[in-house]
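Here are some short exercises to work through with the model open beside you. Try each task before reading its solution.

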Amino acid sequence: MKIAILPGDGIGPEIVAQAVKVLNVLGEKFELESAPVGGAGYAAHGHPLPEGTLALAKAADAVLFGAVGDYQYDTLERALRPEQAILGLRKQLGLFANLRPAILYPDLANASTLKPEVVSGLDILIIRELTGDIYFGQPRGVRECPDGAFKGQREGYDTMRYAEGEIRRIAHVAFQAAQKRGKRLTSVDKANVLETFQFWKDIVTDVHKEYPDVALEHMYVDNAAMQLVRAPKKFDVIVTGNMFGDILSDQAAMLTGSIGMLPSASLDANNKGLYEPSHGSAPDIAGKGIANPLATILSAAMMLRYSLNKAEQADRIENAVKHVLSQGLRTADIYEAGTTKVGTEEMGNAVVKALV
Ligand code: IPM
Ligand code: MN
């Protein structure tokens with residue numbers, strides 16, 4: 001089994017190093033190969049997604065990704081910015097299904113800014129469509145405004161669109177995920193305003209006929225944002241488009257108080273996937289040895305479960321993480337009085353120790 005390791009920028013290399021340590025003590029024969037991506041790709045080869053990196057990702061059974069982005073690359077033209085690496089990988093590898101769990105670990109019940117009774121036991125799964133919507137729709141750009149009160153001025157524009165097959169395939173992923181969990185699916189749209197999302201709603205309703213055992217509800221995105229902070233435990237699985245999913249998944253992550261804990265999987269039609277922490281590259285704390293590696297370690301667990309068919313090994317890692325939390329070990333982002341503050345390496349080593 002070949003795993004492409006793409007550490008990226010900022011805290012990416014530090015946290016990915018801990019996940020690699022964990023993979024190496026499982027007793028499995030993994031072939032790991034690293035390549036630069038994001039700002040690091042630009043620095044090494046003049047492009048955020050160098051050809052060799054893309055080829056490695058395509059040839060691998062799974063990709064473990066750190067994070068991309070750093071201040072020094074913010075002024076590059078859009079096509080060369082670090083973010084293009086992850087967008088390019090998603091598109092080129094056909095990774096249309098993004099699974100973002102938001103789980104509140106009992107040991108971290110106080111980490112949330114919401115009242116403990118609102119979030120304790122929280123376990124929701126956001127499924128975000130990842131290769132369509134306004135993120136990739138053409139045309140887009142800056143042009144001369146063709147009509148209306150601002151006619152003749154410059155205007156920025158993007159295109160929101162979803163093809164039927166694109167909606168169907170993500171709906172199937174969502175219904176099947178709901179079948180394996182609480183059998184409740186919320187499809188989030190903006191059908192009251194947008195044609196694209198009225199169409200989305202109609203297609204999801206149609207796919208529902210194949211999953212009569214799953215309860216489907218439709219919710220407007222603004223209401224969903226409100227319900228997520230009002231009564232988040234009412235959700236089981238949420239499915240939505242690329243843009244709404246980007247926003248709601250950050251919001252859901254923060255319900256747990258610790259975005260440093262949350263993994264994600266981006267899957268193609270054959271369960272080949274890219275696995276990355278839900279958080280970003282945090283350049284402000286890069287190199288300080290204080291970043292939380294657990295989201296990346298848990299992403300490696302998701303990789304074992306979804307792409308490498310090693311559910312038992314995934315369980316082992318997840319249990320090891322729960323164990324170190326129950327020991328009171330905390331990185332700075334989840335630290336509270338009465339626990340033991342540790343750095344990135346120490347946290348990684350503790351998970352390794354819990355495994356062997
Ligand atoms: C995410 C990120 C990306 C996105 C950026 C870095 C392009 O915010 O993975 O959620 O918007 O999808
Ligand atoms: Mn995002």
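**Exercise 1. Find which residues surround ligand 1, and sort them by character.**

Step 1. Glu83, Ile86, Leu87 and Asp246 surround ligand 1; a residue is near a molecule if its C-beta atom, placed from the backbone, lies within 6 Å of it.

Step 2. This shell divides into two nonpolar, no polar and two charged residues. Ala, Val, Leu, Ile, Met, Phe, Trp, Tyr, Cys and Pro count as nonpolar, Asp, Glu, Lys and Arg as charged, and the others, Gly among them, as polar.

Step 3. Helix 4 (residues 83–92) gives the largest share of the shell, three residues. Helices (H or I, at least four residues) and strands (E, at least two) are DSSP runs, numbered from the N terminus.

A word on the model: it is predicted, so local features need pLDDT of at least 70, side-chain atom pairs count only at pLDDT 80 or more, and totals for chains, interfaces and linings use all residues. Residues are numbered from 1 along each chain as its sequence is written, while chains are lettered from A and ligands numbered from 1 in the order in which they are written.

**Exercise 2. Locate the residues that UniProt lists for "binding site".**

Step 1. The unreviewed UniProt entry lists Asp222, Asp246 and Asp250; positions follow the numbering used here, feature names are shortened, and annotations may be inferred rather than shown by experiment.

Step 2. These residues span 29 residues in sequence, yet no two of their C-alpha atoms are more than 14.5 Å apart, so they gather at one spot.

Step 3. Asp222 sits in helix 8 (residues 221–230), and Asp250 in helix 9 (residues 242–255).

Step 4. Asp222 counts as partly exposed because it has 13 C-beta neighbours inside 10 Å; Asp250, with 17, is partly exposed as well. The cut-offs are 20 or more other C-beta atoms within 10 Å for buried, 12 or fewer for exposed, and in between for partly exposed, with C-beta atoms placed from the backbone.

**Exercise 3. Work out where the buried residues of helix 3 lie.**

Step 1. Thr53, Leu54, Leu56 and Ala57 are buried in helix 3 (residues 51–59).

Step 2. Looking down the axis of helix 3, these buried residues fall within an arc of 160°, so they line one face of the helix. The arc is that of the directions from the helix axis to the C-beta atoms.

Step 3. Glu51, Ala55 and Ala59, on the other side of helix 3, are exposed.
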